[in-house]
Amino acid sequence: MNIIKFETQEALNEAGSGIIVSLLQTNPRAKLGLATGGTPVGIYKKLVSACKQGTVSFGKASSFNLDEYVGLDRNHAASYYAFMQEQLLAHVDIAPERCHIPNGMAADLEAECLRYETLLEQVGQIDLQLLGLGHNGHIGFNEPDGALIRGTHVVELREQTRAANARFFDTPEQVPTKAITMGVGTILKAKMILLVVHGKDKAEIVKQALQGPITTECPASLLQTHPNVAVLLDAEAGSLLS
Ligand code: F6R
C-alpha cells in the first residue's frame with residue numbers, strides 16, 4: 001500500500017484528481033469505479049475544472065458506481081444517481097450511456113444485482129476504483145460482518161451508517177434501510193484502488209483498516225491484500241498511523 005498524508009484538503013484533492021487525470025490522459029477509455037458521499041466531492045470539483053479547461057476528457061471513458069440506495073427514485077435529491085449527476089457526471093463530457101449505477105428501484109433486486117455484476121464482468125477490469133471509508137470500516141456498503149458476500153448484492157445498512165448519511169436527507173428516518181452494493185470481491189478486482197479518507201473521526205478506523213488484522217469485521221482491511229492501493233489521507237485521518 002502506498003499511504004500518503006497531506007497537510008491540506010486542497011493538496012489531497014489535487015493529488016486525487018491528478019491520479020485520475022493522468023489515467024485518462026494515458027488511457028482515454030479508462031473504466032472508472034466511482035464513489036459517493038462527502039469524501040470525493042473536492043476531487044470531483046477538480047475533475048470538472050480540469051475537463052472544462054480542456055486538460056482532460058471523459059469522452060471515451062465509462063463509469064461504474066459502487067452503490068445505490070434501495071427504494072429511492074433516481075430523481076430523489078439524495079439518490080446516488082442524482083449525487084453523481086450533480087457532483088460530476090452532468091458537468092464533464094462523459095457519454096450518459098457509459099455511466100452505470102445499480103437501480104435501487106428495480107422490482108426484482110436480486111436480478112438487478114446479477115445484471116450489474118454481469119455487466120462488470122463483461123466490461124472487464126475497472127482501471128481505477130475510488131473509495132471512501134465508513135466509520136465502521138465499510139467500503140461501498142459492505143458493512144462489517146462475520147462473512148462478506150463477494151459480488152454485487154443487497155445489504156441492510158447499519159444504524160451507524162444511516163445516521164452518518166442522514167445529513168443528505170431532510171429527516172434521519174428518510175435514510176433508506178437497504179442498498180445495492182458491489183461486493184468486496186468485485187471491488188478487489190480493480191487494477192488500482194484509490195482510498196481517500198478525511199478527518200479525525202476516521203483516524204481510528206484508518207489505523208485498523210491499514211495496520212490492523214485483515215478481517216471481515218473491518219471490510220476495508222481486505223484492501224491490504226490488493227497489490228495496487230494508493231491511500232490519500234488528510235493529516236487528521238492519518239494521525240494514529242505508526
Ligand atoms: C459511497 C460509499 C461509502 C462512502 C463512506 C464514506 O458510495 O460507498 O462507502 O464512501 O460511507 O462516506 P463519506 O465520504 O460521506 O464520509
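Two strands pair if DSSP finds at least two bridges between them. Leu32 stands opposite Leu128 in strand 6 under that scheme. The model described here is predicted.

**Confidence and overall form**

The mean pLDDT of the protein is 97. A pLDDT of 70 or more is reached by 100% of its residues. The scores are ipTM 0.99 and pTM 0.97.

The radius of gyration is 17 Å. A compact globule of 242 residues would come out near 18 Å, so the value agrees with that form. The C-alpha trace spans about 45 × 45 × 35 Å along its principal axes. Of the 242 residues, 42% count as buried.

The protein has seven helices and 10 strands. The UniProt record, an unreviewed entry, places the feature "domain: Glucosamine/galactosamine-6-phosphate isomerase" at residues 18-226. That span is 31% helix and 15% strand. Its end C-alpha atoms lie 22 Å apart.

**The sheet**

Seven strands form an open sheet. Their order is 1-10-9-6-2-3-5, and the pairing is parallel. Strand 1 (2-6) and strand 5 (99-100) stand at the edges. Each has a single partner strand, so one side of each is left without a neighbour in the sheet.

Strand 6 (residues 128-131) sits between strand 9 and strand 2 in the order. Strand 2 covers residues 31-34 and pairs with strand 6 in the parallel sense over two bridges. On the other side, strand 9 (residues 192-197) pairs with strand 6, also in the parallel sense, over four bridges. Specific contacts across these pairs are listed below.

| Residue | Opposite residue or bridge partner |
|---|---|
| Leu32 | Leu128 in strand 6 |
| Gly33 | Gln129 in strand 6 |
| Gln129 | Ile193 in strand 9 |

Gln129 thus appears twice: it is the bridge partner of Gly33, and it stands opposite Ile193.

What happens on the two faces of strand 6? In a regular strand the side chains alternate between the two faces of the sheet. Leu128 and Leu130 lie on one side of strand 6. Gln129 and Leu131 lie on the other. All four are buried, and both faces are covered.

**Around the ligand**

The shell around the ligand holds 14 residues. Which of them come nearest? They are Thr36, Gly37, Gly38, Thr39 and Gly132. By class, the shell divides into five nonpolar, eight polar and one charged.

Gly37 also links to a distant part of the sequence. Asn165 and Gly37 are 128 residues apart in sequence, yet their C-alpha atoms are 8.0 Å apart in space. Asn165 belongs to helix 5 (residues 159-165). Is Asn165 buried or exposed? Asn165 has 21 C-beta neighbours inside 10 Å, so it counts as buried; the cut-off is 20 or more.

**Annotated positions**

The UniProt record, again an unreviewed entry, places the feature "active site" at Asp67, Asn136, His138 and Glu143. One of these, Asp67, is found in strand 4 (residues 67-69). Strand 4 is not in the strand order 1-10-9-6-2-3-5 of the open sheet. Asp67 has 23 C-beta neighbours inside 10 Å and therefore counts as buried.

How values were computed:
Residues numbered from 1 in each chain as written. Predicted model: local features only at pLDDT ≥ 70, side-chain atom pairs only at ≥ 80, totals over all residues. Near = placed C-beta within 6 Å. Nonpolar A, V, L, I, M, F, W, Y, C, P; charged D, E, K, R; others polar. pLDDT = per-residue confidence, 0-100. UniProt positions renumbered as here; feature names shortened; annotations may be inferred. Rg over C-alpha atoms; globule rule 2.2 N^0.38 Å. Buried ≥ 20, exposed ≤ 12 C-beta atoms within 10 Å, placed from the backbone.
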